[in-house]
Amino acid sequence: MKPIDKDKKYLVTGGAGFIGFHLSKMLLEAGARVIGLDNVNDYYEVRLKEERLSILEQFGKSRNGNYSFYRYDLADKDAVMGLFREEKPDVVVNLAAQAGVRYSIDNPDTYIQSNIVGFFHVLEACRHYPVDHLVFASSSSVYGGNRKVPFSTQDKVDCPVSLYAATKKSNELMAYSYSKLYGIPATGIRFFTVYGPLGRPDMAYYKFAKRIMEGEPIQIYNNGDMYRDFTYIDDTVTGIGNILCNPPKEDDRGACYKIYNIGNHKPQRLMDFISVLEKCLGREAKKEFLPMQPGDVYQTYADVSDLMEDYAFRPDTPLEEGIRRFVEWFLEYYGGQA
């Protein structure tokens, strides 16, 4: 396994996002040259995205200007191609996407533009300006209605239950075809409910924290009978870091392509998760129980045997520890109030 190569340029799309921020920070700490790209849209509060960018800018200044940022949209092909032509990145990590399962029900056009058209432009740029490795974000959502657990990368994923999941599966197919046709080493990562400081306000744990602090009821779907494989952000970034400088070898069909799950391989019952959050916040939540929502799944559970076999690594931050760290940041960021 190779460590982070400080002589390479790393392009991180979605660089103002949750995982993109933490990954960029890790790369800068390792002494690497990082290029960030993000359109900084208002899907959730822009103030938080700007806060992440401010931290990265300060990190870059303290490390001899090793950070630059482009405020572009991946749907703008000319801008993407121009960036690749100018910067010539060695490693590309495509984390930019329109996230959210429920949001895709009401806003499907956004997902096609961001997740399909935008990713196509990244693939085209990697084709015309060859890179050492393309790492791209997929999602545990691709497992859809699968009932066999834990979810393995060897499982069929042909039954998505949301457009968001369908776009992520499409990304995997697109990347495979470009790897096969144009020799682009590509690795997809299926993320499982990533959480932690400076996280995404659209995710349940963050919404719960805000509503609990505001004294408002939290909405609990399927009457609380759901399980999620919550994965702490530091574990997620460590997993990506292991993969970055280790492009996959050519398979028996001539494609340099691989898929990994990054998850805590230990599903947590939703009500138990809420209990931990209540304890860390020091407040009890008012609860509103609702039926299962369209696009939701009953359980996520990652099989990380490939990650263990190839990198001797698997996420292992206990939920109690991860939530404690999130709450410490959350209370400081909001001044003790949401």
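A residue counts as buried when its relative accessible area is under 20%. At 7%, Glu124 therefore belongs to the buried class. The model described here is a predicted one, and Glu124 is a suitable starting point for its salt bridges.

## Salt bridges between distant parts of the chain

The side chain of Glu124 meets that of Lys77 in a salt bridge, with 3.9 Å from N to O. This contact joins distant parts of the chain, since Lys77 belongs to helix α3 and Glu124 to helix α5, 47 residues apart. The two partners fall into separate accessibility classes: Glu124 is buried at 7%, whereas Lys77, with 32% relative accessibility, is partly exposed.

Helix α3 also carries Glu87, which pairs with Arg33 in a salt bridge whose closest N and O atoms are 3.6 Å apart. Because Glu87 lies in helix α3 and Arg33 in strand β2 (residues 33-37), the pair ties together parts that are 54 residues apart in sequence. Glu87 is buried, its relative accessible area being 7%.

## A salt bridge within helix α11

Another pair is confined to one helix. Glu321 and Arg325 form a salt bridge in which the closest N and O atoms are 2.8 Å apart. Both residues lie in helix α11, four residues apart, which is about one turn of the helix. Glu321 is partly exposed at 23% relative accessibility, and Arg325 is partly exposed at 28%. The pair is part of a network of salt bridges that links Asp234, Glu321, Arg324, Arg325 and Glu328. In total, the count for the structure comes to 20 salt bridges, among them the three pairs set out below.

| Salt bridge | Closest N to O distance | Relative accessibility |
|---|---|---|
| Glu87 and Arg33 | 3.6 Å | Glu87 7% |
| Lys77 and Glu124 | 3.9 Å | Lys77 32%, Glu124 7% |
| Glu321 and Arg325 | 2.8 Å | Glu321 23%, Arg325 28% |

## Cysteines

A search of the whole structure finds zero disulfides. Cys126 is accordingly in no disulfide, and the nearest cysteine sulfur, that of Cys256, is 14 Å away. The cut-off for a disulfide is a pair of cysteine sulfur atoms within 2.5 Å. Cys126 is buried, with a relative accessible area of 1%. Cys159, by contrast, is partly exposed, at 48%.

## Backbone features in loops

Three loop residues deserve mention for their backbone geometry. The peptide bond that leads from Val149 to Pro150 is cis, its omega being near -5°. Pro150 is located in the loop between β5 (133-139) and α6 (163-182).

Lys88 is a residue other than glycine, yet its phi is positive, near 50°. It is found in the loop that runs between α3 (77-87) and β4 (91-94). With a relative accessible area of 53%, Lys88 is exposed.

Ala312 likewise is not a glycine and has a positive phi, of about 50°. The loop between α10 (305-311) and α11 (319-333) contains Ala312. This residue is exposed, with a relative accessible area of 66%.

## Cavity and pocket

The search of the whole structure finds one cavity of 30 Å³ or more. About 30 Å³ of space lies in the largest cavity. Its lining consists of Leu74, Asn94, Ala96, Ala97, Ser114, Asn115, Gly118, Phe119, Lys168 and Asn171. Helices α5 (108-128) and α6 each supply at least two of the lining residues, and α5 provides the largest share, four residues. By class, the lining has four nonpolar, five polar and one charged residues.

Helix α6 also contributes to the second largest pocket, where about 530 Å³ of space lies. Of the 18 residues that line this pocket, Thr153, Gln154, Tyr176, Tyr257 and Ile259 are the closest to its centre. At least two lining residues come from each of α6 and β11 (257-262), with α6 giving the largest share, four residues. The lining of the second largest pocket is made up of five nonpolar, two polar and 11 charged residues.

Technical notes
Residues numbered from 1 in each chain as written. Predicted model: local features only at pLDDT ≥ 70, side-chain atom pairs only at ≥ 80, totals over all residues. Heavy atoms only, no water. Buried < 20%, exposed > 50% of the residue type's maximum accessible area, 1.4 Å probe, protein only. 1 Å grid on protein atoms, 1.4 Å probe; cavity = no way out; pocket = protein on both sides within 12 Å on 5 of 7 lines; lining within 4 Å. Points joined across faces, edges and corners; volume = space filled by probe spheres on them. Nonpolar A, V, L, I, M, F, W, Y, C, P; charged D, E, K, R; others polar. Salt bridge = Lys/Arg side-chain N within 4 Å of Asp/Glu carboxyl O.
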